[in-house]
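Welcome! Open your viewer, turn on the cartoon view, and follow along one selection at a time.

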Amino acid sequence: MSDRSRADAVYDALLERQGEQWVQPRVERTRRVLELLDDPQRTYRVVHVTGTNGKTSTSRVIESLIRAHGLRTGLFTSPHLERFTERIMIDGEPVSDAAVADAWDEIAPFVDFVDAELAAADDAPLTFFELLTVLAFVAFADAPIDVLVLEVGMGGSWDSTNTADGDVAVFTPIDIDHADRLGDTIRAIAEVKAGIIKVGAAVVSARQDAAAEAVLRAAATAKDATIAFEGREFALTDARLAVGGQLISVRGIAGVYDDEYLPLFGGHQAQNAALAIAAVESLIGGGSQPITGDVLAEGLAQATSPGRLQLVGVSPTVIVDAAHNPHGARALAAALGASFDFDEWGVVLGVLADKDAAGIVAALAPLAAHVFATAPDSERANDADRIADLAEAQGVPVTVHAGVTDAAEAARAWAAASDRRAVVIAGSVVLAGEAVGLAAEEDWKAGWSE
């Protein structure tokens, strides 16, 4: 069997498990498997990242900056755009098929053992995300890596990733999301997320709602952890457009960095980069040592954020963004207005059923000249007709399309009729992944042709 087939078999085995949207607060199950494996997650330093929006982008910039220091890195993020190995990155590349298959062979006997224990206790077997987390921790230990940048799956305190002890705990903006599982107030959600703060850790946080800030400060005090907030201990002081991205200036915890090139669009990406810089200062040098100029330049320059304000087509311009909740959609709308010079945007929109579709549509409606309603390729997809109804209620012209291929073709044809039009594909990570793959397959960067 080829390494590719072996890795695909691993993913098939994971998919037979309870899905990653199924959440039971039971971190001890993951901990049990890891104990049997001699705690691979304790063999490297950890930067643990939570929040509501910007986790993946911030994690990717942190990883890039750490790698620029000459350290061997791991990066664990979710979900993936095209292939599950994207979730387990080693030195900036997806884990090899052979490595992920070998790691699975390593953990399989222990998984069977713990599943049997759970069955005896009348508890559900290990889930997709619990096992993916264990698989990643083992693959990182086998590599081996020096530092893991670890994105929380959902919440914090009882998330599977919280079996690792973060030297640095990073908080992106906290907003309402997954209210049925995390709580329906920002305070309640912040309390769950604050669970990643470990004794003696360094905490860095984006600007937060007052309730969230109070929760994080109290949690840091209780754990004897230091805490630094954007706007106080560090700040983004300037961001302006540049070709292919922006120039940012940051007052860090340990140094001042002026006019650094970041190849990502959007004011929120500039803020993510400032947060990433503070996190890396906290990890390397304990917040007292500036990042040297050439290391910072290299780390920012090689930062990517697939599926986040990603340019996938020209003539017409096509942007893909995973914006899958109102906060992300508002950031997308602001970024499109600030970073691009078009009169009209066609919005290809598909949303999963467990997301706030009405809130996403309301956030994008002011910039949409036309909505091309569709559905992501997922059993959890919202019906395209419902998305269309929401867009019509906002007074936006709308058409309904069977899938992203049809929707994107119609949107690109619409945009090609005027050089003042462009297309954005948004509303779901699943849809973003489909669009990125389709753009590469059809070579949208070669321009539109009938």
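One word will help from the start: two residues are in contact when they have heavy atoms within 4.5 Å of each other. Keep in mind as well that this is a predicted model.

**Stop 1: a helix with a bend**

Select residues 97-120, which form helix α4. The 24 residues of α4 reach 34 Å from the first C-alpha to the last, close to the 34 Å expected at 1.5 Å a residue. Now look along the helix. Where does α4 have a kink? The kink, of about 40°, lies at isoleucine 107, shortly before proline 109.

Next, colour the buried residues of α4; among them are Val100, Trp104, Ile107, Val111 and Leu118. What covers them? Show α1 (3-15), α2 (27-36), β3 (88-90) and α5 (128-142), which are included in the cover over the buried residues of α4. Before moving on, click on aspartate 122, which follows α4 and has a positive phi, near 60°.

**Stop 2: the eight-stranded sheet**

Turn to the open sheet of eight strands, with mixed pairing. Trace the strands in the order β4-β3-β2-β5-β1-β6-β7-β8. Which strands are at the edges? They are β4 (93-94) and β8 (226-229), and each of these pairs on one side only.

Zoom in on the β4 end. Here β3 and β4 pair in the antiparallel sense, over two bridges. Select methionine 89 and you will find proline 94 of β4 standing opposite.

Now add helix α3, residues 55-68. Helix α3 lies across β1 (45-50), β2 (73-76), β3, β5 (147-151) and β6 (168-171), and runs at about 175° to β5.

**Stop 3: two nonpolar cores**

Show side chains for Val47, Ile62 and Val170. These three have the most contacts inside the largest nonpolar core, which has 39 residues. Which helix gives the largest share of this core? Helix α9 (residues 267-283) does, with 10 residues.

Stay with valine 170 for a moment. Leaving aside neighbours within four places in sequence, valine 170 is in contact with residues including Val47, Ile62, Ile196, Val204, Leu275 and Ala279.

There is also a second, separate core of 38 residues. Leu37, Ile88, Ile107 and Phe137 are included in this second core. You have already met Ile107: the kink in α4 lies there.

**Stop 4: the three-stranded sheet**

Move on to another open sheet, with three strands in the order β9-β10-β11 and antiparallel pairing. Strands β9 (235-242) and β11 (256-262) each have a single partner strand, so one side of each is left without a neighbour in the sheet. From one strand to the next, the twist averages 15°.

Select strand β10 (residues 245-251) together with β11: five bridges join this antiparallel pair. One bridge to look for links leucine 247 with tyrosine 261 in β11.

Two helices lie across strands of this sheet. Helix α9 crosses β9, β10 and β11, at about 45° to β10. Helix α10 (residues 293-301) lies across β10 and β11, running at about 35° to β11.

**Stop 5: valine 424 and its surroundings**

Select valine 424, which sits in strand β17 (residues 421-426). Is valine 424 buried or exposed? With a relative accessible area of 0%, valine 424 counts as buried, because buried means under 20%.

Now find valine 348. The two valines, 424 and 348, are 76 residues apart along the chain, yet their C-alpha atoms are separated by 6.2 Å. Beyond neighbours within four places in sequence, the contacts of valine 424 include Ile319, Leu332, Trp345 and Val348.

Bring up β14 (344-349) next. Five of the six residues of β14 are buried. Six bridges join β14 to β17, and the two run parallel; glycine 346 stands opposite valine 423 in β17. Strand β15 (residues 368-373) also runs parallel to β14, with five bridges between them. There, valine 347 stands opposite valine 371.

**Last stop: helix α15**

Finish with residues 429-442, helix α15. Its 14 residues should span 20 Å at 1.5 Å a residue, and its end C-alpha atoms are 20 Å apart, which agrees. Among the buried residues of α15 are Val429, Leu431, Val436 and Leu438. To see what the buried residues of α15 pack against, show β12 (310-313), β13 (318-320), β14, α14 (404-416) and β17.

Key. Residues numbered from 1 in each chain as written. Predicted model: local features only at pLDDT ≥ 70, side-chain atom pairs only at ≥ 80, totals over all residues. Heavy atoms only, no water. Helix = DSSP H or I, 4+ residues; strand = E, 2+ residues; numbered from the N terminus. Expected span 1.5 Å × (residues − 1). Bend = angle between axes of the 7 residues up to and from the residue. Buried < 20%, exposed > 50% of the residue type's maximum accessible area, 1.4 Å probe, protein only. Pairing = 2+ DSSP bridges. Axes fitted to C-alpha atoms, helices over the stretch in contact; angles between N-to-C directions. Core = buried A, V, L, I, M, F, W, Y, C linked by side-chain atoms within 4.5 Å.
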